[in-house]
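Please open the structure in your viewer and keep the selection panel at hand, since this tour moves from one selection to the next and says what is there at each stop.

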Amino acid sequence: MTDTTSVFEKTPEAEFGDFVALLKPRVMSLVVFTALTGLLVAPVPVHPLVAFTSILFIALGGGASGALNMWWDADIDRIMRRTRNRPIPAGKVTEGEALGFGLALSGISVVMLGLAANWFAGAFLAFTIFFYVIVYTMWLKRSTPQNIVIGGAAGAFPPMIGWAAVTGSVSLESFVLFLIIFMWTPPHFWALALVKNGDYTAAKVPMLPVVAGETSTRNHILVYSLLLAPVGVAPWLLGFASPVYGVASSLLSLTFVALAADVWRKRAGDPAKAACWRLFKFSIFYLFMLFALLLGESLVAGI
Amino acid sequence: MADQDKGITLTDEQKKKRRARSVAIAVVLVALVVLFYVVTIIKLGPGVMDRAL
């Protein structure tokens with residue numbers, strides 16, 4: 001009996017914040033931002049509180065997949081420096097708690113989105129969680145160097161869910177929002193992976209630079225950037241964003257391609273690293289600006 | 001065997017964390033109750049009054 005007591009004392013009592021950390025709050029904030037854009041760009045008026053509730057439960061569904069991802073990936077999170085302080089490797093939350101927490105929140109968020117918005121949006125959220133946790137985390141992340149492309153698809157669904165929460169359907173416009181994030185994710189993460197591939201090597205995650213080499217990764221980054229550029233401008237070309245967006249997105253996309261070309265040209269030493277960092281940092285600004293412009297325009301149009 | 005009766009005892013630190021967690025869960029639950037109530041009213045709209053008498 002004394003054994004039980006001493007073992008229990010060594011277990012740190014989890015704080016509320018540890019469970020919040022399981023939801024990957026930073027990823028969640030991106031989900032809120034892109035889902036809100038999808039929801040507001042949709043040409044259907046929506047009650048502000050229904051909009052708020054939809055975004056809340058889309059974000060919670062995203063958080064739930066984060067918790068399930070941390071449950072499954074606890075073994076590699078222990079190895080990588082970037083993830084070593086996550087709640088499970090840090091010993092603050094047990095794997096079972098994370099699993100239960102993730103499953104419960106998945107169920108709540110899907111049912112609540114279905115009730116507050118519509119069941120198509122609810123089903124779409126359920127599919128996204130399934131896709132991120134089962135298809136990406138469990139199946140493809142550790143088996144293919146194209147893992148980022150697959151994971152990117154899961155990250156690109158939120159604006160489509162936001163759109164679906166209002167319209168109850170999928171459309172070309174919402175698919176374009178999906179494509180922007182889908183095409184953006186690979187160059188964004190590969191630029192980071194080129195700088196930090198030591199961690200992934202240690203954890204045996206087959207990131208592209210580890211498996212296919214740095215030259216191949218640079219080619220991939222350039223190709224995806226060239227594909228991303230027209231997609232970034234597409235909202236204006238298709239007529240659901242203003243010429244202001246058209247000009248701004250053209251300039252941003254050209255800069256993105258120029259920085260990707262820089263990564264492609266500089267192959268060695270510090271200049272190569274600096275080029276990767278520049279592309280990585282600009283890519284965050286790029287995505288933020290595109291969605292902020294779309295969001296801003298739909299807010300102005302709504303007044 | 002006197003220990004056996006005491007069972008598991010939490011340290012003060014653990015008790016404090018557990019309490020903070022319980023309070024936070026309570027706040028979240030109350031917020032959800034309010035949210036569900038308001039969303040129900042909005043979804044039903046004027047239909048709330050529309051019932052057979």
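Begin inside the protein, where the largest cavity holds about 50 Å³ of space. This is a predicted model, and a count of cavities of 30 Å³ or more comes to 1. To see what surrounds the space, select R82(A), L192(A), K196(A), D199(A) and Y200(A), which line the largest cavity. If you colour this lining by residue class, you will find 2 nonpolar and 3 charged residues, with no polar ones.

Next, select R142(A) and D73(A), and show their side chains, which meet in a salt bridge with a distance of 2.7 Å from N to O. R142(A) lies in the loop between α7 (119–140) and α8 (147–167) of chain A, while D73(A) lies in the loop between α4 (48–72) and α5 (74–77) of chain A, so this pair ties together parts that are 69 residues apart in sequence. Side chains of opposite charge can pair when their charged atoms come close.

Keep R142(A) selected and add D75(A), because the side chains of these two residues also meet in a salt bridge, at 2.9 Å from N to O. Here the partner D75(A) sits in helix α5 of chain A, and the loop that holds R142(A) runs between α7 and α8, so the pair ties together parts that are 67 residues apart in sequence.

Which of these residues are buried and which are partly exposed? With a relative accessible area of 30%, R142(A) is partly exposed, and D75(A), at 38%, is partly exposed as well, whereas D73(A) counts as buried at 0% relative accessibility.

Now move to K266(A) and D262(A), whose side chains meet in a salt bridge at 3.2 Å from N to O. Of this pair, K266(A) counts as partly exposed at 30% relative accessibility, and D262(A) is buried, with a relative accessible area of 11%. Returning to the earlier group, add K141(A) to your selection, for salt bridges that share partners join D73(A), D75(A), K141(A) and R142(A) into one network.

Finally, turn to the surface and select F16(A), V20(A), I25(B), V28(B) and L29(B), which form a nonpolar patch with about 390 Å² of accessible area together. Helix α2(B) gives the most to this patch, with 3 residues. Within helix α2 of chain B you can pick out L29(B), which is exposed, with a relative accessible area of 51%. As a last step, display chain B on its own, where you can find 2 helices and 0 strands.

Definitions and conventions:
Residues are numbered from 1 along each chain as its sequence is written. Chains are lettered from A and ligands numbered from 1 in the order in which they are written. This is a predicted model: local features need pLDDT of at least 70, side-chain atom pairs count only at pLDDT 80 or more; totals for chains, interfaces and linings use all residues. Side-chain values use heavy atoms; hydrogens and water are left out. Patches are made of residues with over 30% relative accessible area and no salt bridge: like charges are joined within 9 Å, nonpolar side chains (Val, Leu, Ile, Met, Phe, Trp, Tyr) within 5 Å. Accessible areas come from the Shrake-Rupley method with a 1.4 Å probe; for residues, only the protein chains shown count as cover. A salt bridge is a side-chain nitrogen of Lys or Arg within 4 Å of a carboxyl oxygen of Asp or Glu. Helices (H or I, at least four residues) and strands (E, at least two) are DSSP runs, numbered from the N terminus. Buried means under 20% relative accessible area, exposed over 50%, partly exposed in between (1.4 Å probe, protein chains only). On a 1 Å grid over the protein atoms alone, a cavity is a set of points where a 1.4 Å probe fits but cannot get out, and a pocket is an open set with protein on both sides within 12 Å along at least five of seven lines; lining residues have an atom within 4 Å of a point. Grid points are joined across faces, edges and corners, and a volume is the space filled by probe spheres set on the points. Ala, Val, Leu, Ile, Met, Phe, Trp, Tyr, Cys and Pro count as nonpolar, Asp, Glu, Lys and Arg as charged, and the others, Gly among them, as polar.
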